[in-house]
Amino acid sequence: MEGAQGATNRSGNGNGTVRVSEVVWKNDDGKERDKRGQIIKVCGIDGCTYKTGITANMKNHKAAKHNIDVVWHTCPNCDYKAKQKCSITKHLRLNRCPGKK
């Protein structure tokens, strides 16, 4: 289907491109929706074309790619910090912490 674009999920390729996986359609209200009926949200920051039907995915995208509403998580043993708590957990699990006691 030409011109149809789908919502991406968090496991996308990470470079901000939109995968064509879900057909987008317009309802009577004129808003784009995915196959589940969710309204498609477009990032639009500095020309970003990221689209998703899931609000949490948009929030994660804006924090990860555009530094909007970022909550920094810090390592308890060193100066390492990350945008996602799972990155701190991985940092600790892989013993990459020079200040670890």
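A residue counts as buried when its relative accessible area is under 20%, as exposed when it is over 50%, and as partly exposed in between, with a 1.4 Å probe and protein chains only. By that scale Asn60 is partly exposed, because its relative accessible area is 30%. The structure is a predicted model, in which local features need pLDDT of at least 70, side-chain atom pairs count only at pLDDT 80 or more, and totals for chains, interfaces and linings use all residues. Residues are numbered from 1 along each chain as its sequence is written, and side-chain values use heavy atoms, with hydrogens and water left out.

**The chain as a whole**

- The protein chain holds two helices and six strands, where helices (H or I, at least four residues) and strands (E, at least two) are DSSP runs numbered from the N terminus.
- Along the sequence these elements come in the order β-β-β-β-α-β-β-α.
- The protein chain has 101 residues, of which 25% count as buried.
- About 7,200 Å² of the protein chain is exposed, and carbon and sulfur atoms supply 49% of that area, as computed by the Shrake-Rupley method with a 1.4 Å probe, where for residues only the protein chains shown count as cover.
- Among contacts with a separation of 6 or more, 14% join residues that are 24 or more positions apart, a contact being heavy atoms within 4.5 Å.

**Helix 1 and its packing**

- Helix 1 covers residues 55–66, and its twelve residues should span 16 Å at 1.5 Å a residue, which agrees with the 16 Å between its end C-alpha atoms; the expected span is 1.5 Å times one less than the number of residues.
- Asn57, Met58, His61 and Ala63 are buried in helix 1, and the buried residues of this helix pack against strand 3 (41–42) and strand 4.
- Asn60 also belongs to helix 1, and its C-alpha lies 9.5 Å from that of Lys83, although the two are 23 residues apart in sequence.

**Strands 3 and 4**

- Val42 lies in strand 3 and counts as partly exposed, because its relative accessibility is 46%.
- Leaving aside residues up to four places away in sequence, Val42 touches Cys48, Tyr50, Lys51 and Met58.
- Val42 and Gly53 are eleven residues apart in sequence, and their C-alpha atoms are 8.8 Å apart in space.
- Thr52 is found in strand 4 (residues 51–52), and Thr52 is buried because its relative accessible area is 0%.
- The side chain of Thr52 reaches the backbone nitrogen of Ile54 at 3.2 Å, which is a polar contact (a pair of N or O atoms within 3.5 Å; within protein, one must be able to donate a hydrogen and the other to accept it, and residues adjacent in sequence count only if both atoms are side-chain atoms).

**The loop after helix 1**

- Asn67 follows helix 1 and lies in the loop between helix 1 and strand 5 (73–74).
- Asn67 has a positive phi of about 55° although it is not a glycine.
- Most residues other than glycine have a negative phi.
- Asp69, found in the loop between helix 1 and strand 5, also has a positive phi of about 55° without being a glycine, and it counts as exposed because its relative accessibility is 66%.

**A charge over a ring**

- Lys81 lies over the face of Trp72, at 4.7 Å from the ring centre; a charge sits over a ring if NZ of Lys or CZ of Arg is within 6 Å of the ring centre and within 35 degrees of the ring normal.
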